[in-house]
Amino acid sequence: MSPIQTEGIEFADKLRRNLSPSQLYEDALRYEPGTAISSTGALIATSGKKTGRSPRDKRVVEEASTVDDV
């Protein structure tokens, strides 16, 4: 049993990891609609409607150097 399967991931047999760049390109071209390779060899892919973060998003991180100030 793989370490991924021991974590209860049911689709572990379909995961692909540590692929070579050429295999990543091949999979993207095969499975992602609208994907292409540019004239310079860069992979072109669309990210969908929502990209980036909302300007209203806020993140607070507890850090020892600022814990008394925040």
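# Reading contacts, bridges and burial around D27

Reader: Let's start with D27: which residues does D27 touch, leaving out those up to four places away in sequence?

Author: Contact means that heavy atoms come within 4.5 Å of each other. By that rule, D27 touches R16, L19 and E32, not counting residues up to four places away in sequence. Keep in mind that this is a predicted model, where local features need pLDDT of at least 70 and side-chain atom pairs count only at pLDDT 80 or more, while totals for chains, interfaces and linings use all residues. Residues are numbered from 1 along each chain as its sequence is written, and side-chain values use heavy atoms, with hydrogens and water left out.

Reader: What is the mean pLDDT of the protein chain?

Author: First the idea: pLDDT is the predictor's confidence in each residue, on a scale from 0 to 100. Where it is low, the predicted coordinates should not be read in detail. Here the chain has a mean of 80, and 74% of its residues reach 70 or more. Among the elements, helix α1 (residues 3–6) has the lowest mean, 64, and strand β1 (residues 36–37) has the highest, 96.

Reader: How many helices and strands does the protein chain have?

Author: Helices (H or I, at least four residues) and strands (E, at least two) are DSSP runs, numbered from the N terminus. This chain has two helices and two strands, and along the sequence they follow the pattern α-α-β-β.

Reader: Back to D27. Is it buried or exposed?

Author: The labels go by relative accessible area: buried is under 20%, exposed is over 50%, and partly exposed is in between (1.4 Å probe, protein chains only). D27 comes out at 12%, so it's buried. Over the whole protein chain, buried residues make up 7% of the 70 residues.

Reader: And which residue forms a salt bridge with D27?

Author: Side chains of opposite charge can pair when their charged atoms come close. We call it a salt bridge when a side-chain nitrogen of Lys or Arg is within 4 Å of a carboxyl oxygen of Asp or Glu. D27 pairs with R16, with 2.7 Å between the closest N and O atoms. D27 lies in helix α2 (residues 21–31) and R16 in the loop between α1 and α2, so the pair ties together parts that are 11 residues apart in sequence. Unlike buried D27, R16 is partly exposed, with a relative accessible area of 48%.

Reader: How many salt bridges does a search of the whole structure find?

Author: Two. Besides the D27 pair, E26 and R30 meet in a salt bridge at 3.2 Å, N to O. Both lie in helix α2, four residues apart, which is about one turn of the helix. E26 is partly exposed at 37% relative accessibility.

Reader: Next, T35. What does the side chain of T35 reach?

Author: A polar contact is a pair of N or O atoms within 3.5 Å; within protein, one must be able to donate a hydrogen and the other to accept it, and residues adjacent in sequence count only if both atoms are side-chain atoms. The T35 side chain reaches the backbone oxygen of E32 at 2.8 Å. T35 sits in the loop between α2 and β1 and is buried, with a relative accessible area of 13%. Leaving out residues up to four places away in sequence, T35 touches A28, L29, L43, I44 and A45.

Reader: L43 again! Where does L43 lie?

Author: In strand β2 (residues 43–44). L43 counts as partly exposed, at 35% relative accessibility.

Reader: One last thing: where is N18 found?

Author: In the loop between α1 and α2. N18 is exposed, at 77% relative accessibility. Its phi is near 55°, a positive value in a residue other than glycine.
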